[in-house]
Amino acid sequence: MVSATIDLLKKELPVEEGSFVLSKDVKTGLVLVDVVNGFCSVGAGNLAPVKPDKQISYMVKESARLAKLFCGEKWPVFAFLDSHHPDIPEPPYPPHCIAGTDEARLVPDLQWLENEANATLKCKDCIDGFLGSVEKDGSNVFVDWVKKNQIKAILVVGICTDICVLDFVCSTLSARNRRMLTPLEDVIVYSGACATFDLPVHVAKDINGALAHPQDLMHHIGLYIAKGRGARIVSEVSFAAL
């Protein structure tokens, strides 16, 4: 049933995906959204996968590959880390990624970024990383990163495609359109390096207040909405001769 629905959805709401070639001609920054244990590592918390997940595992692998390539070229990297105060809930979700716990840390394959001078790490306490970057003095860490590095394109990867990734992309596109992110021009979402969680309807119905969240369906919807807001969706990312 779900498979047939996904096939129908992709036919009626197609997402045309291109390719993206990274080169030194266009200053590009890599944005990692919430590639933390609490969302990616099996059994790590309330919102972590309960068993190995192919889509999430591939997202982590590709995110780590790109992070190493970007840092190897001294290209800017920005990583959001979901991080919450234990006494401040984030409904409708159960407690997750509590600040200071392993849940709120980057996955093992990316923890080297904690000591990487080329990377900017930002803990956020809300779904939308753009809003989560606002400091008490009104400044925005992400906006400052874009301007300081004179970034013209960002390549966005991470989890969840239809939640944190989508909200960040939509806010960033609106900020770009309002000329708040000059010189940023392109927001590119790499579909293969994005993932979301799987909560089938037969499981969700036995969880009080839970909404069904079929993985492939919601991943596609997230990409579709992002493209409708003005993001470029790509299925391949390669590097020009550097």
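What covers the buried residues of α5? In this predicted model, the cover includes β2, β3, β4, α4 (129-132), β5 and α6 (164-177). The views below start from that helix.

**View A. Helix α5 and its buried side.** Helix α5 spans residues 141-149, and its buried residues are F142, V143, W145 and V146. These four lie on the same side of α5, because they cover an arc of only 160° around the axis. An α-helix has 3.6 residues a turn, so residues three or four places apart point the same way. Elements in contact with this buried set include the strands β2, β3, β4 and β5 and the helices α4 and α6.

**View B. The two ends of α5.** At the N-terminal end, N140 acts as the cap of α5. One of its side-chain oxygens is 2.9 Å from the backbone nitrogen of F142, a residue that is itself buried. Just after the helix, Q150 has a positive phi of about 55°.

**View C. Strand β2 between its partners.** Strand β2 (residues 28-33) runs parallel to strand β5 (residues 153-159), and six bridges join the two. L30 of β2 is opposite L155 of β5. With strand β3 (residues 77-82), β2 also pairs in the parallel sense, here over four bridges. The bridge partner of L32 in β3 is A79.

**View D. Both faces of β2.** T28, L30 and L32 point one way from the strand, while G29, V31 and V33 point the other way. Residues on both faces are buried. With six of six residues buried, β2 is therefore largely enclosed by the rest of the structure.

**View E. The largest nonpolar core.** This core has 69 residues. The members that touch the most other members are V31, F142, I154, V156, F168 and V169. V31 belongs to β2, and F142 is among the buried residues of α5. Leaving aside residues up to four places away in sequence, V169 touches V156, V187, V189, A226 and A231.

**View F. P95 in the loop between β3 and β4.** P95 sits in the loop that leads from β3 to β4 (119-124). Its relative accessible area is 59%, so P95 counts as exposed, the cut-off being over 50%. The C-alpha atom of P95 is 8.6 Å from that of G45, although 50 residues separate them along the chain.

**View G. The annotated span.** An unreviewed UniProt entry places the feature "domain: Isochorismatase-like" at residues 29-198. The end C-alpha atoms of this span are 29 Å apart, and the span is 29% helix and 20% strand.

Technical notes: Residues are numbered from 1 along each chain as its sequence is written. This is a predicted model: local features need pLDDT of at least 70, side-chain atom pairs count only at pLDDT 80 or more; totals for chains, interfaces and linings use all residues. Side-chain values use heavy atoms; hydrogens and water are left out. A nonpolar core is a set of buried Ala, Val, Leu, Ile, Met, Phe, Trp, Tyr and Cys residues joined through side-chain atoms within 4.5 Å. Buried means under 20% relative accessible area, exposed over 50%, partly exposed in between (1.4 Å probe, protein chains only). Contact means heavy atoms within 4.5 Å. Two strands pair if DSSP finds at least two bridges between them. UniProt positions are given in the numbering used here, feature names are shortened, and annotations may be inferred rather than shown by experiment. The arc is that of the directions from the helix axis to the C-beta atoms. A polar contact is a pair of N or O atoms within 3.5 Å; within protein, one must be able to donate a hydrogen and the other to accept it, and residues adjacent in sequence count only if both atoms are side-chain atoms.
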